[in-house]
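User: I've got a model open and I'd like to talk through its cysteines, strands and surface. Can you take my questions one at a time?

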Amino acid sequence: MYKTNQTPKMELKSSMNETWKVFSVGSFVGCLVLLLIFDKRHENTSLLAARNAMLQFAPFKLFDSSNLTVSPLLEASNTSISPPSLAMKDMELQKNKREKKCNMFDGRWVYSSEETPSYDSIKCPFLEEKMSCRMNGRPDFEYEKWRWEPTDCRIPLFNGTDMLERVRNKRMVIAGDSLNRNMWESLACLLYTSIPSSGFEVHAQKIVYKLLKAKDYNFTFEFYWTPFLVDFDTNHKSGKDVVVLDKVSPNFHQLKGADIMVFNSGHWWSHTGKLKSWDLFEYKGELMEEMPMELAYERAMRTWATWMENNVDKEKTTVYFRSISAEHKTRHNDQWCYNVTKPMADESYVSVYPKSLVDIIESTVNAISKPKVNYLNITKLSEYRIDAHPSVYRSMDWKNITQKIENVLGYADCSHWCLPGLPDTWNRLLYVSLFLDNSNMLS
């Protein structure tokens with residue numbers, strides 16, 4: 001009797017549940033139809049917004065019913081309480097991050113009292129006297145405690161043993177002016193302190209050619225001094241110092257076959273007055289005392305580019321051109337590196353290097369396709385570092401020298417960089433660019 005009396009109630013309850021389910025589904029579908037009609041009448045109203053509203057309105061019982069098929073709109077949410085639009089946006093954001101390449105050259109300098117140099121300038125045998133600021137008596141070392149942090153990503157620190165493993169059986173050359181020699185000395189010290197010094201063969205006494213060889217890795221690392229990249233003939237038949245614009249530097253034949261090449265040229269082209277190193281230009285056999293600097297530079301860079309296209313194996317060699325590094329040698333807005341101990345806090349630096357020459361080299365680099373030339377754009381990050389130059393500490397005898405000259409500020413070196421120092425960051429960025437896929441380094 002008990003079971004017979006309860007059966008109608010259970011059937012009634014089941015019927016009510018089914019009615020409620022049908023009512024819920026019908027309400028859901030009806031509202032969706034109304035919203036779609038509304039969407040068509042209002043072109044500026046987002047369909048995505050309609051979806052989100054419907055999902056918030058829908059009874060949560062729909063997610064739990066085993067008798068109903070989940071709506072495609074609900075499938076997009078992955079059964080999350082959050083609207084699926086947020087999940088979709090997050091997925092799209094992550095996809096964009098994976099596809100976006102890290103711009104390592106846009107960022108800021110961050111101070112850390114715990115930051116320590118990767119090598120000891122006193123123990124590294126490659127440094128020119130004018131780069132060894134500690135050895136020359138610079139009293140502050142705060143310039144060594146700043147680390148470059150890109151805006152949109154995190155990049156690894158330089159790892160010398162990792163780089164040596166990656167360049168095993170390879171040859172790397174750096175060619176250019178004394179600023180590229182600054183860069184070579186930095187990288188040589190970074191590598192030299194990574195493994196026992198007995199593992200290296202060193203020939204670094206000359207300023208025009210330097211060699212470091214990691215014997216256990218069969219890796220050769222060379223520097224060739226060629227400030228114009230084209231021929232600078234100091235023994236010209238005219239008896240003058242001549243920049244030959246349509247002929248590459250004679251030592252370029254020694255660069256052939258290298259696996260990695262890093263070039264620069266710029267500072268010597270902007271020298272004027274007593275600092276100007278040449279007497280004449282030569283182009284197509286004609287000697288000229290005067291020529292617009294932009295024209296001379298463009299012709300020289302075109303000569304370099306032509307040599308690259310005809311002599312560098314694009315399948316074997318990776319090529320970089322390092323951009324101009326800042327010279328803080330003007331008194332304009334007090335931009336002078338003497339007695340400065342902190343980087344610039346803003347972008348107020350006014351470059352003394354003509355922008356027209358920057359435009360020429362960038363357009364030249366972009367035009368070379370075989371081989372592709374990578375642009376190591378360290379200009380902006382260097383502009384902040386007015387504190388990182390040797391200044392008057394360019395010689396161990398700086399005290400006696402500065403006492404004998406009237407223009408102490410004129411003696412200060414505001415072009416080159418102390419080591420350890422800023423060029424270590426250039427080489428960190430080169431290391432990342434060469435060997436690491438920076439699309440995977442996004443925060």
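User: Are Cys 102 and Cys 153 buried or exposed?
Analyst: Keep in mind that this is a predicted model. The two cysteines form a disulfide, with the sulfur atoms of Cys 102 and Cys 153 1.9 Å apart. Cys 102 sits in the loop between α5 and β1, while Cys 153 is in the loop between β2 and α6, 51 residues apart. As for cover, Cys 102 and Cys 153 are both buried.

User: How many residues apart in sequence are the parts tied together by Cys 133 and Cys 418?
Analyst: A disulfide joins these two, S to S 2.0 Å. Cys 133 is in the loop between β1 and β2, and Cys 418 belongs to the loop between α12 and α13, so the parts they tie together are apart in sequence by 285 residues.

User: Which hand does the link of Cys 133 and Cys 418 have?
Analyst: The thing to look at is the angle about the S-S bond, and here that is -90°. That makes the link of Cys 133 and Cys 418 left-handed.

User: What is the relative accessible area of Cys 133?
Analyst: The cut-off for buried is under 20%. Its partner Cys 418 counts as buried at 0% relative accessibility. Cys 133 is buried too, and its relative accessible area is 0%.

User: What is the torsion about the S-S bond of Cys 337 and Cys 414?
Analyst: These two form a disulfide with sulfur atoms 2.1 Å apart, and both Cys 337 and Cys 414 are buried. Cys 337 is in the loop between β12 and α9 and Cys 414 in the loop between α12 and α13, so the pair ties together parts 77 residues apart in sequence. The disulfide is left-handed because its torsion is about -80°.

User: What is the pairing if I number the bonded cysteines in sequence order?
Analyst: The total comes to four disulfides. Going along the protein chain in sequence order, the pairing is 1-4, 2-5, 3-8, 6-7.

User: How many of the residues of α13 are buried?
Analyst: This helix has 14 residues and reaches 21 Å from first C-alpha to last, close to the 20 Å expected. It is mostly covered, and the buried count is 13 of its 14 residues.

User: Which residue in β6 stands opposite Ile 174?
Analyst: Ile 174 is on one side of β3 with Met 172 and Gly 176, and both faces of that strand are covered. β3 and β6 run parallel and are joined by six bridges. Opposite Ile 174 in β6 you'll find Phe 223.

User: And which residue in β9 stands opposite Val 173?
Analyst: Val 173 shares its side of β3 with Arg 171 and Ala 175, and these are all buried. Four bridges join β3 to β9, and the two run parallel. The residue opposite Val 173 is Met 261.

User: What accessible area does the nonpolar patch of Ile 122, Met 135 and Met 396 have?
Analyst: One of its members, Met 135, is found in the loop between β1 and β2. Met 135 is partly exposed, with a relative accessible area of 33%. Together, Ile 122, Met 135 and Met 396 have about 290 Å².

User: How far apart in space are Arg 154 and Met 104, C-alpha to C-alpha?
Analyst: Arg 154 lies in the loop between β2 and α6, and it is exposed at 60% relative accessible area. Arg 154 and Met 104 are 50 residues apart in sequence, and in space their C-alpha to C-alpha distance is 8.5 Å.

Definitions and conventions:
Residues numbered from 1 in each chain as written. Predicted model: local features only at pLDDT ≥ 70, side-chain atom pairs only at ≥ 80, totals over all residues. Heavy atoms only, no water. Disulfide = S-S within 2.5 Å. Buried < 20%, exposed > 50% of the residue type's maximum accessible area, 1.4 Å probe, protein only. Expected span 1.5 Å × (residues − 1). Patch = residues over 30% accessible without salt bridge, like charges linked within 9 Å, V, L, I, M, F, W, Y side chains within 5 Å. Areas by Shrake-Rupley, 256 points an atom, 1.4 Å probe, with all protein chains shown as cover. Salt bridge = Lys/Arg side-chain N within 4 Å of Asp/Glu carboxyl O. Pairing = 2+ DSSP bridges.
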